[in-house]
Amino acid sequence: MKDDALIEGPFVSDYSEFAMRMNFHAVTALLEKARTISDHIEQKSICLSGLQLRYSSYEDFALLLHAFRNKINGKNFHLTIGVEDPSRKGSTSLPRIFKHFTSAREMLENFGFTSITHECLSPYGITEDQIEARFRDVAESIKGMGSDQDAFNDYKNKLKHGKPVVESITGKGDLNHVAFLRWAEKRGEPVLEFHWLPASLEQLEIATIQISKIYIVSLELLWLFMMQYYPDLAENYLNNTMLKCIGDTVERIRSLGLNSKGLTYI
């Protein structure tokens, strides 16, 4: 539609600078707070909130990738990024293309970025080997995310709904863990079991790094999206949105004393 075509480009920039950064702002604030608390019970509660943000970031990223696929079928980004199916329940899985990565070219075409060639990226100092290595690294990370998403989806849902979580159990308590209640079946009978999950300050730091990486990769992919569909807006997005937001994110992470390989842009 004509209006949707006018809305989509500016929406992507706003989404990148505002909505997509919410989890990052929240988790860094939680980390700062958690570091000031000596009460381990209160600290664990804050750390769990950070882990919930990590699970949310996984799902937001999956929705972003599916929005790229929907765009191929003519559905505008702002009409599909989490709003296309109000009856949808459960988690959104990550697309298979990253789980079975073979080349950057295949990935670009899978998401509809057919006009993005190594030649059009070369003016930005990006070589064919660099983009290949970058997205191979992203693919490997997403494989791990997919595994985490499956393993922790149950915990995410429990943290969102009802929160059947126990801080400690006599004789089994741990300063760095919490227990979740889960039904299991033993000898044909339902049994309520405890399942332990690490909820330490270290886990919150890891979650902060992962959320920042997801945000950075999302910004990079949206730049390619803009180059594909809105080339007249892509340069502005690169300089005033992507590079600015990535720079702010890296600076914030370093100010927290965190560092991790890959916390850079392409």
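Me: What is N23 in contact with, leaving aside its neighbours within four places in sequence?

Reply: N23 is in contact with L53, S56, S57, D60 and I211. Contact here means heavy atoms within 4.5 Å. The model is predicted, so local features need pLDDT of at least 70 and side-chain atom pairs count only at pLDDT 80 or more, while totals for chains, interfaces and linings use all residues. Residues are numbered from 1 along each chain as its sequence is written, and side-chain values use heavy atoms, with hydrogens and water left out.

Me: Why is N23 called buried?

Reply: Buried means under 20% relative accessible area, exposed means over 50%, and partly exposed is in between, using a 1.4 Å probe and protein chains only. N23 has a relative accessible area of 13%, so it is buried. N23 lies in helix α2.

Me: What makes the pair N23 and S57 a polar contact?

Reply: A polar contact is a pair of N or O atoms within 3.5 Å; within protein, one must be able to donate a hydrogen and the other to accept it, and residues adjacent in sequence count only if both atoms are side-chain atoms. The side chains of N23 and S57 meet at 3.1 Å and make such a contact. Another polar contact, of 2.4 Å, joins the side chains of N236 and N240.

Me: Why is N236 called partly exposed?

Reply: N236 has a relative accessible area of 44%, which is in between the two limits, and therefore N236 is partly exposed. N236 lies in helix α10 (residues 231-255). Its C-alpha atom is separated by 9.5 Å from that of S13, although the two residues are 223 apart along the chain.

Me: How do you know what counts as a helix or a strand?

Reply: Both are DSSP runs, numbered from the N terminus: H or I with at least four residues for a helix, E with at least two for a strand. The protein chain has ten helices and three strands. Along the sequence they follow the pattern α-α-α-α-α-α-α-α-β-β-β-α-α.

Me: How do you know that the span of α3 agrees with its number of residues?

Reply: The expected span of a helix is 1.5 Å times one less than its number of residues. The 33 residues of α3 should span 48 Å, and the end C-alpha atoms are 49 Å apart, which agrees. At the start of α3, a side-chain oxygen of D39 reaches to within 2.9 Å of the backbone nitrogen of I41. α3 is followed by G74, whose phi is positive, near 90°.

Me: Why does N70 count as buried?

Reply: N70 is at 18% relative accessibility, which is under the limit, so N70 counts as buried. N70 is in helix α3 (residues 40-72).

Me: What makes α9 mostly covered?

Reply: Of the 29 residues of α9, 22 are buried. I214 is found in α9 and, at 9% relative accessibility, counts as buried. The C-alpha atoms of I214 and V138 are separated by 9.4 Å, with their places 76 residues apart along the chain.

Me: Why is R187 called exposed, and is its phi positive or negative?

Reply: The relative accessible area of R187 is 82%, so R187 is exposed. Its phi is positive, about 55°, although R187 is not a glycine. Most residues other than glycine have a negative phi. R187 lies in the loop between β2 (177-186) and β3 (189-198).

Me: Why does V178 count as buried?

Reply: V178 is at 2% relative accessibility, so it counts as buried. V178 lies in strand β2. Not counting residues up to four places away in sequence, V178 touches several residues, including K44, L48, V165, H195 and W196. V178 and L48 are 130 residues apart in sequence and 8.9 Å apart in space, C-alpha to C-alpha.

Me: What makes a residue part of the lining of the second largest pocket?

Reply: On a 1 Å grid over the protein atoms alone, a pocket is an open set of points with protein on both sides within 12 Å along at least five of seven lines, and lining residues have an atom within 4 Å of a point. The second largest pocket is lined by 18 residues, and Y15, A19, M20, N23 and D60 lie nearest its centre. The largest share of this lining, six residues, comes from α3.

Technical notes. 1 Å grid on protein atoms, 1.4 Å probe; cavity = no way out; pocket = protein on both sides within 12 Å on 5 of 7 lines; lining within 4 Å.
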